[in-house]
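Let's take a walk through a protein model together. Keep the 3D view open and turn it as you read.

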Amino acid sequence: MRRLLLKSLVQGPLTEPAPAAGDAALAELAARVDRASRRRLGRTLAIREVDAGSCNGCELEIHALGNVLYDLERFGLRFVASPRHADVLLVTGPVTSNMREALERTYQATPDPKWVVAVGDCARDGGVFAGSAACIGAVSAVLPVDLHIPGCPPSPIALLTGLLALLEEVSFDTRAGRAPERQS
Ligand code: SF4
């Protein structure tokens with residue numbers, strides 16, 4: 001125990017280094033998201049985050065987008081409290097049985113056009129929770145997913161890159177009327 005305490009005193013933080021102040025690459029990436037959003041939607045992008053059963057690791061990275069290091073609201077990226085105000089649902093975690101109905105109702109409450117982004121490895125295929133009796137599995141088992149951002153968890157830069165890819169490459173037209181394949 002003493003060794004562990006000493007080690008934690010001398011060892012530096014294990015987190016990734018913060019982006020440099022005035023990071024040009026980050027600013028350019030965020031500005032491209034804003035431009036693409038204004039071109040596609042005529043305004044800035046509104047995001048509703050839905051935790052469908054994650055360990056909260058993905059949430060920590062999503063929240064980092066709004067902290068003082070990334071501060072992406074300066075580029076117009078907004079997290080909204082209600083799905084009725086959202087363009088994008090960012091869904092994390094494997095979908096648990098208890099969250100299935102809430103996720104479906106959140107999707108139904110989001111006005112068209114809307115996109116669903118599955119964030120993290122758990123959202124893709126259940127990840128480390130795959131096979132659990134409490135989990136349904138991937139987000140795509142419940143909702144039509146437009147984009148998957150891999151990682152456990154994906155970094156804020158990966159999230160931003162994914163949102164840009166969504167805005168630049170996913171067509172609204174292909175979303176209309178698409179229904180998920182439900183799994184029981
Ligand atoms: S992908 Fe990793 S960080 Fe995200 S919910 Fe799953 S286990 Fe947690």
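Start with Gly 126: setting aside neighbours within four places in sequence, this glycine is in contact (heavy atoms within 4.5 Å) with Pro 94, Asp 121, Gly 137 and Ala 138. Look at one of those partners, Ala 138: Gly 126 and Ala 138 are 12 residues apart in sequence, yet their C-alpha atoms are 5.2 Å apart in space. You'll find Gly 126 in the loop between helix H5 (121–125) and strand S6. Gly 126 counts as buried because its relative accessibility is 1%; buried means under 20% relative accessible area, exposed means over 50%, and partly exposed is in between, using a 1.4 Å probe and protein chains only.

A quick word on the ground rules. This is a predicted model, so local features need pLDDT of at least 70 and side-chain atom pairs count only at pLDDT 80 or more, while totals for chains, interfaces and linings use all residues. Residues are numbered from 1 along each chain as its sequence is written, and side-chain values use heavy atoms, with hydrogens and water left out.

**The whole chain**

Now zoom out. The protein chain has six helices and seven strands. Both kinds of element are DSSP runs numbered from the N terminus: helices are H or I with at least four residues, and strands are E with at least two. Going along from the N terminus, the order is α-α-β-α-β-β-β-α-β-α-β-β-α. Of the chain's 184 residues, 45% count as buried. Among contacts between residues at least 6 apart in sequence, 83% join residues at least 24 apart.

**The cores**

In soluble globular proteins, nonpolar side chains tend to be buried together. Here, the largest nonpolar core has 29 residues, and those with the most contacts inside it include Leu 45, Leu 72, Leu 77 and Leu 160. A nonpolar core, by the way, is a set of buried Ala, Val, Leu, Ile, Met, Phe, Trp, Tyr and Cys residues joined through side-chain atoms within 4.5 Å. Helix H2 (24–41), helix H3 (57–64), S3, S5, strand S7 (147–149) and helix H6 (156–169) each supply at least two residues of this core. Apart from it lies another core, with 14 residues, among them Val 95, Ala 118, Ala 141 and Val 142.

Which residues does Leu 77 touch, not counting those up to four places away in sequence? They are Val 33, Leu 45, Ile 47, Leu 72, Leu 160 and Leu 163.

**Helix H4**

Helix H4 covers residues 100–109, and its buried residues are Arg 100, Leu 103, Glu 104, Thr 106, Tyr 107 and Ala 109. An α-helix has 3.6 residues a turn, so residues three or four places apart point the same way. The buried residues of H4 pack against strands S1 (46–51), S3 (88–92), S4 (95–96), S5 (115–119) and S6 (135–137). Take Thr 106: leaving out residues up to four places away in sequence, this threonine touches Val 50, Pro 83 and Leu 89.

**Around the ligand**

The residues around the ligand (each with a heavy atom within 4 Å of it) include Ser 54, Cys 55, Cys 58, Asp 121, Cys 122 and Cys 152. H3 and H5 each supply at least two residues of this shell. Is Cys 122 buried or exposed? Cys 122 counts as buried because its relative accessibility is 14%, whereas Cys 152 is exposed, at 62%. A search of the whole structure for disulfides (pairs of cysteine sulfur atoms within 2.5 Å) finds zero.

**Backbone oddities**

Two peptide bonds are worth finding on your screen. Here they are, with the place of each proline.

| Cis peptide bond | Omega | Place of the proline |
|---|---|---|
| Asp 112 to Pro 113 | near -5° | Pro 113: loop between H4 and S5 |
| Cys 152 to Pro 153 | about -10° | Pro 153: loop between S7 and H6 |

Then look at Asn 56, in the loop between S1 and H3. Asn 56 has a positive phi of about 85° although it is not a glycine. This asparagine is partly exposed, with a relative accessible area of 40%.

Finish with His 63 in helix H3. His 63 counts as exposed because its relative accessible area is 53%. His 63 and Glu 49 are 14 residues apart in sequence and 9.7 Å apart in space, C-alpha to C-alpha.
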